[in-house]
Amino acid sequence: MEKIKIATGLYYMDIPEIDMRILCGCPADSVKHLKKKGLILTKEKAGVSYETGPNAILLSDLTIQNGGFSNLAEFPVLHMFYKQGVIIPGHPNNTGKKPLLIGTRSQLTSQGRYIFRGNYGLADVDEIMAAGVERAEAEEMMRMKLKFAYGHIRKTEELLDYLVVEGDAVDIGGGVMLSHTGLNLYSFHYGGETCEVDLNLGQNETYELPYSLGYYQVKPEYFSIVHSGEGDGWDPNRPCMSSILTFQGRIYLIDAGPAILGSLTALGISVNEIEGIFHTHCHDDHFAGLTSLMLADHRINHYAAPLVRASIIRKFSALMSLNEEKFSDYFNICDLEIGKWNRVDGLEVLPVFSAHPVETTFMYFRTPWAGGYKTYGHLADIISLDVLEGMAGGDGLSRKWIDRFREALFSPVDVKKIDAGKGSIHGNTADFASDKSGKIIMSHSAESFTLKEKEIGSTTAFGQIDVLIPSRQDFSMKTAANLLRSYFPDVEMEFIRLFLDCPKEDFSPGSIILRKGIPCQYIYLLLSGVVEAVDADLGISHMLSQGFLIGDVPFLSEDKPSFTCRALSPVSVLSISSILFAAFTQELKIVEKLKQTYTKRLFLHRTGLFGEMLSFLIHDRIARLMERESYPAGTDLAKLAGEDILILEAGSAQLKAGDVCLGSLGPREDFLGAEGVLFGMSAFYTAVTEGETSCYRIKGAGLLEIPIIQLKLLENFKKHIGVFALRCCPRWEKRYETGDKRKDGLRRGIFGHLESVVSTLHGGGDRKLLARDWEALDKDFRAYVKSLRRGKGCRDLERILEKLDFWRDRIPGEGQELDSGFLEYLAARIAAYLINGE
């Protein structure tokens, strides 16, 4: 066995004797990482060219780690199918052996549903009609979809083999045994060898980019296009096709492919500067960056046609194991009407339905200008005219639909970026030979362009900009004015102008802005870019973004800075003299108001939950609602959290569910209360203090309005539920017996229902079976509670019963995604309650 570390959280296990090659972990751009390491090569067999690569994938136990998706198996699986050829009829690698997907039941179920949506989007006419499409049009769309799918919509389990690894060692093939030894910890055994794989990310680790981008300072123009990706899902050297549109100083994304956060950082843009995303479709090379946008301190606007968004939400919900309604917790829903110009804050947007395996629109963007309009066309993803014409006919597309598509495709504009990826589902540059657009840019390809193609279209590179209308004003100063007005709402504008007259300063990547322990002469208002706040003594590395005040806490406390702040990207700040800031705050008698929260804000800066990507305004608001509390040894903090968050300032606590240890809780980085804020219920575990302990209580009300906070709460919850599920499956064990035969009999029956619910949940989620199991669980648990005579007045039991009622009536119909994360939690909460012998 040979284990190769590919990148952070990504490994490759090669066992050549039995032809087994396992990709361990599959975060964004895994295939590109493998190519960069030389583990994917082009070979030829029986006269057929193909690529080498993994034939099995070991999934992470966790959906998200440190804000990034841990399991994005769509493109690694597509690579096996089409680049390696295992699904192509007549290909020498198509031996009938299916690729292998390995992991926990919950992750296998989640990935199966997510891959299904990535293959097909909406899967039948009814789903398409539910997105607002008339039946005749929906039937035509479905005929097109079936053309791409070779006539059949196939479930993922028909294409892949699944192998569950949760408890004892299992044979994964060829005599290789795999043990699941802990959360994200696996052990391979073969031929007398043992090899360990740890898929956990460290506290300050994130998934890596497979390429280096350099750095660029983007200046928002009146109307411009910043080219942020020209490759495809296989190109190891460039990001996937995407663009950043700036309009009247506002910044919009067109799609969010893998590693979008790295692209934004390279361009000197933080996620908090993004106004919205225009989303074309749900394939991973345009979709996988959505979690990065969830790291903002505000809900980013999601602009898409309802038809396209329906497939995006289905895929998002499957991947996150969340109910579909949860999408709007992270994004503002902004509908676009297909085939019509839609006004978006002065910009006009035309989505055009495209021929593609999943619901897709390419888009045109325009604004009035001298002599008419300035227009940009973003044509991702399209198909060639040859493939399009092959779909014409009774069982395909109508001539009217094809003519309408061709007319929209070749509409002349100032700048048009086209999908030039060729093949059966992408565009062909040759089709645009007669296009009258001012500039055609070839994109979405990892291959070199031919001489003929170079006669038709231009190429561009990451960070290059097409300015359609230049700006005559500095939009960053408008941003500064808005930020200062929000920070000091009661202050007259004449005083705000004092600050606006301060110099604007730029820092290059790697520059130190503020050094720990050195008195600062300035307070910096962060206008654009990303700053890293570092404290090596505490092991802290947090990202700061637009709206953060750097240096105000040491100024107010008359202390030296406790962090070093360094530019992680090109950064622009407003440099405010500390002398001017002092005179300003004293003159307006607001210095004491600011001092009231500076100690609490310093504590927030040092926490994992609130330490990054939050503006001064949000920190100040949270600080005013937090209180310091102290508790003696032996106190269960989990019961005291309620629907608030508790973060330890000093001391420690042990987390347990019955006799199952879930870990320990220390100061700052971890917290309690995610379940209360997310679900309105207490934790399924105890958190007992080991000595005198102090903590801060942060009110839960309003925290779910902040996307990055909600995402971190969800990540924390899933980590705890993952440990619990691994160490304590919901099945009855002899060690749970209390000696009371009547009670133990009731509890044993409830555990049987819990096991059935979880098994059904992870076995495809048959709604009728799940509803039946849920009803039986509800009935027997109520009987158990009644036998205890504790149902009334016991808040925990009341909330469990309330949630049982709620979900019994809300188990969705077939085809809709379940909030399986919450259902798992509720099962764990009941199991923990029974294990504790309550």
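Start with the sheet of 6 strands in this predicted model. Colour the strands in the order E21-E22-E23-E24-E25-E26. The sheet is open, and its pairing is mixed.

Select the edges next: strand E21 (342–344) and strand E26 (439–443). Each has a single partner strand, so one side of each is left without a neighbour in the sheet. From one strand to the next, the twist averages 25°.

Move to strand E24 (residues 372–379) and strand E25 (residues 415–419). The two pair in the parallel sense, over 4 bridges. Show His378 and look across to E25: Lys417 stands opposite.

Now add helix H13 (residues 399–409). H13 lies across strand E22 (347–353), strand E23 (361–369), E24 and E25. Relative to E23, the helix runs at about 45°.

Go on to the sheet of 7 strands. Its order is E20-E19-E18-E17-E16-E15-E27. This sheet is open too, with mixed pairing.

Which strands stand at its edges? Select strand E20 (331–335) and strand E27 (465–469). Both have a single partner strand, so one side of each has no neighbour in the sheet. The twist here averages 25° from one strand to the next.

Zoom to strand E18 (residues 274–278) and strand E19 (residues 300–304). They run parallel, joined by 3 bridges. Pick Phe278, then find its bridge partner in E19, Tyr303.

Last stop: helix H10 (residues 306–320). H10 lies across E19 and E20. Its direction is at about 120° to E19.

How values were computed: Residues are numbered from 1 along each chain as its sequence is written. This is a predicted model: local features need pLDDT of at least 70, side-chain atom pairs count only at pLDDT 80 or more; totals for chains, interfaces and linings use all residues. Side-chain values use heavy atoms; hydrogens and water are left out. Two strands pair if DSSP finds at least two bridges between them. Axes are lines fitted to C-alpha atoms, for helices over the stretch in contact, and angles run from 0 to 180 degrees between N-to-C directions. Contact means heavy atoms within 4.5 Å.
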